[in-house]
Amino acid sequence: MRRTKLGMLILSFILLIGGCAEQKLLEKIGLITLVGYDLDEDGKVVTTAVIRQVDPEFQSMVTTSSAVNESSLGAMTEINRKTTKKLVQGQMRITLFGETLATEGIRPFLNTLSKNSTTSSGILLAMTEGNSYELLEYPYENINDVGQEIYKLIEQNVDAELVVSTTLHEVVQDYYSVGRDIVLPIIERKDEVIEVSGLALFNKDKIVGQLPAKDSFYLLLIRGKFKSGKFETSIPGDIFSSNVFNSSESVPVVLDTITSTNKLKLSDQTIPEYELQINLKGRILELDAEVDFDNPKDVVKLEKAINESLKKDLQSLFEYGQEINSDIFGLGEQYRSEVRKSKLTHESWHAMYPTAKVNIKVNVKILRSGVFE
């Protein structure tokens with residue numbers, strides 16, 4: 001009995017000491033949840049950190065702090081000098097690059113992030129419209145933690161298959177992979193709302209072009225497989241004769257619960273020329289026309305129209321990528337894997353890429369389940 005009481009007393013003491021140690025530790029540190037990088041007019045690095053601080057009552061407070069230095073690490077040291085708490089990056093979830101910095105190149109920051117043992121390879125990377133510090137330091141009325149807000153924004157868009165995943169590991173892999181270029185989501189503030197407004201396309205480590213956010217679908221369609229996505233396009237209204245409710249020349253179509261597969265094959269290495277086959281299954285969610293889904297001819301007509309629309313949009317996307325010389329689709333990677341001893345380099349591939357040809361075949365299958373049954 002005495003031993004039991006003594007054991008309980010010792011255990012209580014250990015828990016008390018442990019609790020005090022944890023509380024004192026939290027009192028001394030500030031958790032960096034997001035970092036934004038920009039360049040000023042003199043070419044110096046402007047680093048902005050979103051910091052979560054926890055007080056002794058375990059109530060958190062979020063602040064932002066900025067510094068200017070020749071390097072990102074130097075700027076972070078200056079930010080540390082401005083706070084009474086030691087800053088740690090173990091909880092960092094996202095890194096933003098300002099538009100001006102992305103124009104000059106993000107390579108030094110990718111190297112720094114990937115070599116930092118306290119930085120997770122799973123942190124998300126994105127670009128901002130304009131400077132990141134302006135977005136982060138804006139006095140939002142309804143956003144208490146701008147770092148958490150941006151992280152959740154990108155995370156849910158990736159989970160919903162609306163934006164391509166851009167973790168540090170994935171972006172660094174694309175950067176060092178010969179034949180595939182980086183793509184990053186673009187974050188923009190519109191009044192009090194932060195949203196994903198587009199995609200930034202890179203050649204090596206520099207931004208060379210942008211796409212609207214809706215074009216993420218086509219990139220995801222080429223880069224991987226859909227498990228459950230959503231897609232919107234327009235098809236000619238005249239294929240339905242007088243059954244069109246919309247008086248315009250085109251009819252909007254929305255498909256959801258999309259699944260897809262794709263196959264990219266190099267057919268001629270001298271041009272080079274590719275064959276791209278995309279198979280897509282989905283359910284019609286919205287269609288501004290009266291279609292008899294029990295009539296196979298009407299269904300085939302609709303599928304054919306969606307095929308042509310998808311093919312046209314994909315072709316335009318490939319042509320734009322060639323125009324700005326950004327291979328976000330990984331054609332060069334496919335070339336390198338199929339051509340033995342190609343000795344492909346970034347420079348040699350980007351000399352070939354603008355003249356490459358892609359023959360696209362799309363096979364859309366409309367699932368007659370759910371809404372129309």
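**Exercise 1. State the volume of the largest cavity in this predicted model, and work out which residues and elements line it**.

Solution. Begin with the volume: in this predicted model, the largest cavity has a volume of about 50 Å³. Next, list the lining, which consists of Y37, S72, L73, M76, Q89, T112, L113 and N116. Then assign these residues to elements: α2 and α4 are the elements that give two or more residues to this lining, and α2, with three residues, gives the most. Finally, sort the lining by class, which yields four nonpolar residues, four polar residues and no charged residues.

**Exercise 2. Describe helix α2 by its buried residues, by what covers them, and by the cap at its N-terminal end**.

Solution. Helix α2 spans residues 72-81, and its buried residues are S72, G74, A75, M76 and I79. To read this pattern, recall that an α-helix has 3.6 residues a turn, so residues three or four places apart point the same way. The cover over the buried residues of α2 includes the strands β1 (29-39), β2 (45-54), β3 (60-69) and β4 (86-88), together with the helix α4 (107-115). Two of the buried residues, S72 and M76, also appear in the lining of the largest cavity. As a last step, turn to the N-terminal end of the helix, where S71 acts as the cap, with a side-chain oxygen lying 3.0 Å from the backbone nitrogen of G74.

**Exercise 3. Characterise the second largest cavity by its volume, its lining and the classes of its lining residues**.

Solution. The count of cavities of 30 Å³ or more comes to two, and the second largest holds about 40 Å³ of space. Its lining is made up of S165, T166, E170, V171, D174, I182, V183 and R223. Helix α7, residues 168-176, gives the most to this lining, with three residues. By class, the lining of the second largest cavity has three nonpolar, two polar and three charged residues, whereas the lining of the largest cavity has no charged residues.

**Exercise 4. Place these details in the chain as a whole, using its elements, burial, contacts and exposed area**.

Solution. Start with the elements, of which the chain has 11 helices and 13 strands. Then consider burial: of the 373 residues in the chain, 46% are buried. For the contacts, take those with a separation of 6 or more, and note that residues 24 or more positions apart account for 68% of them. Close with the surface, where the chain exposes about 19,800 Å², 50% of it supplied by carbon and sulfur atoms.

Key. Residues are numbered from 1 along each chain as its sequence is written. This is a predicted model: local features need pLDDT of at least 70, side-chain atom pairs count only at pLDDT 80 or more; totals for chains, interfaces and linings use all residues. Side-chain values use heavy atoms; hydrogens and water are left out. Buried means under 20% relative accessible area, exposed over 50%, partly exposed in between (1.4 Å probe, protein chains only). Helices (H or I, at least four residues) and strands (E, at least two) are DSSP runs, numbered from the N terminus. Contact means heavy atoms within 4.5 Å. A polar contact is a pair of N or O atoms within 3.5 Å; within protein, one must be able to donate a hydrogen and the other to accept it, and residues adjacent in sequence count only if both atoms are side-chain atoms. Accessible areas come from the Shrake-Rupley method with a 1.4 Å probe; for residues, only the protein chains shown count as cover. On a 1 Å grid over the protein atoms alone, a cavity is a set of points where a 1.4 Å probe fits but cannot get out, and a pocket is an open set with protein on both sides within 12 Å along at least five of seven lines; lining residues have an atom within 4 Å of a point. Grid points are joined across faces, edges and corners, and a volume is the space filled by probe spheres set on the points. Ala, Val, Leu, Ile, Met, Phe, Trp, Tyr, Cys and Pro count as nonpolar, Asp, Glu, Lys and Arg as charged, and the others, Gly among them, as polar.
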